[in-house]
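Let us walk through a protein fold step by step. Keep the sequence and the 3D view side by side as you read.

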Amino acid sequence: MKYYYVYEYPTGPVRIAEADGSIVGVTFAGTNPPGGFEERESPLIKRAVKQLDEYFAGKRREFDLPLAFSGTDFQRKVWAALLTIPYGETRTYGEIAAQIGNPQAARAVGMANNRNPISIICPCHRVIGANGALVGYGGGLPAKRLLLDLEK
C-alpha cells in the first residue's frame with residue numbers, strides 16, 4: 001500500500017507519503033506526486049499530520065513514526081546523523097561529515113541533505129553553513145528560517 005496526501009503548513013503545502021507501513025516522504029508539494037502512490041489519507045499519514053501539527057504548535061520536539069529511507073548507503077548515513085541533531089540545535093555540513101566518519105565530505109553531505117526525502121521529521125533544516133549562514137533548503141530559505149525560529 002502506497003499513499004500520499006498534501007497538507008498546508010506555515011512552510012507551505014507539504015506532501016506526506018507512506019509505503020508499506022512507513023513514512024517515506026515529507027516533501028514540499030511543489031514537486032511531482034510520487035509515481036504509483038494513491039492520493040489518500042491513511043491512518044499512518046493522519047498520525048504523521050497530528051505530530052506535525054503538534055510540532056508547528058510548539059508542543060512536540062521529537063517525532064515517533066516509522067520511517068523508511070530510500071537512498072545510497074552514504075545518504076542513509078547522513079540522514080541517520082540528521083536524526084541525532086537535537087531540537088533547537090544546529091550542525092554544520094562539516095560536523096555531519098565528521099560524525100559519519102568522513103570529515104572531508106562536507107559537500108557530499110550537502111548533496112545528501114538536499115535529497116532528504118523526509119523533510120522536517122528528518123531535520124535537514126538544522127544543518128547550516130560553516131560560517132553560520134543558512135544555505136540551501138528544499139522548501140526555500142524562508143521555510144528553513146521559519147523552522148529554526150520555531151525551535152528557538
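Why is strand β3 (residues 22-28) largely enclosed by the rest of the structure? Five of its seven residues are buried, so the strand is largely enclosed. Buried here means under 20% relative accessible area, exposed means over 50%, and partly exposed lies in between, with a 1.4 Å probe and protein chains only. Strands (E, at least two residues) and helices (H or I, at least four residues) are DSSP runs, numbered from the N terminus.

A word on the model. It is predicted: local features need pLDDT of at least 70, side-chain atom pairs count only at pLDDT 80 or more, and totals for chains, interfaces and linings use all residues. Residues are numbered from 1 along each chain as its sequence is written, and side-chain values use heavy atoms, with hydrogens and water left out.

Now the overall plan. The protein has five helices and six strands. Along the sequence they follow the pattern β-β-β-β-α-α-β-α-α-β-α. The C-alpha trace spans about 40 × 30 × 25 Å along its principal axes. How does the radius of gyration agree with that of a compact globule? A compact globule of 152 residues would have a radius near 15 Å, and the protein has 15 Å, so the two agree. This radius is taken over C-alpha atoms, and the globule rule is 2.2 Å times the number of residues to the power 0.38. Buried residues make up 43% of the 152 residues.

Next, find the sheet. Four strands form an open sheet in the order β3-β2-β1-β4, with mixed pairing. The edge strands are β3 and β4 (38-39), and each pairs on one side only. Two strands pair if DSSP finds at least two bridges between them. Start with strand β1 (residues 2-9). β1 and β2 are antiparallel and share eight bridges. One bridge partner of Val6 in β1 is found in β2: Arg15. Two residues lie between these strands, which form a hairpin. Strand β2 (residues 12-19) then pairs with β3, again in the antiparallel sense, over six bridges. Here Glu18 has Ile23 of β3 as its bridge partner. This hairpin also has two residues between its strands, and Asp20 in the turn has a positive phi of about 50 degrees. On the other side, β1 and β4 run parallel and are joined by two bridges. Tyr3 stands opposite Glu38 in β4.

A helix comes next. Helix α1 lies across β1, β2 and β3, and runs at about 25 degrees to β1. Axes are lines fitted to C-alpha atoms, for helices over the stretch in contact, and angles run from 0 to 180 degrees between N-to-C directions. Look for Leu52, which sits in α1 (residues 43-56). Is Leu52 buried or exposed? Its relative accessibility is 1%, so Leu52 counts as buried. Leaving aside neighbours within four places in sequence, Leu52 is in contact (heavy atoms within 4.5 Å) with Tyr9, Ile16, Phe63, Ile120 and Ile121. Leu52 and Ile121 are 69 residues apart along the chain, yet their C-alpha atoms are separated by 8.1 Å.

What lies inside? In soluble globular proteins, nonpolar side chains tend to be buried together. A nonpolar core is a set of buried Ala, Val, Leu, Ile, Met, Phe, Trp, Tyr and Cys residues joined through side-chain atoms within 4.5 Å. The largest such core has 38 residues, and Ile16, Ile23, Val78, Leu82, Ile96 and Ile120 have the most contacts inside it. Among the elements that give two or more residues to this core are α2 (73-82), α3 (93-99), α4 (106-114) and α5 (141-150). Helix α1 gives the most, with seven residues.

Finish with two helices. In α5, the buried residues are Ala143, Lys144, Leu147 and Leu148. They cover an arc of only 130 degrees around the axis, so they lie on the same side of α5. The arc is that of the directions from the helix axis to the C-beta atoms. These buried residues pack against α1, α3 and β6 (127-128). In α4, the buried residues are Val109, Ala112 and Asn113. Their arc is only 100 degrees, which puts them on the same side of α4. Arg107 and Asn114, on the other side of α4, are exposed. The buried residues of α4 pack against α2, α3 and β6.
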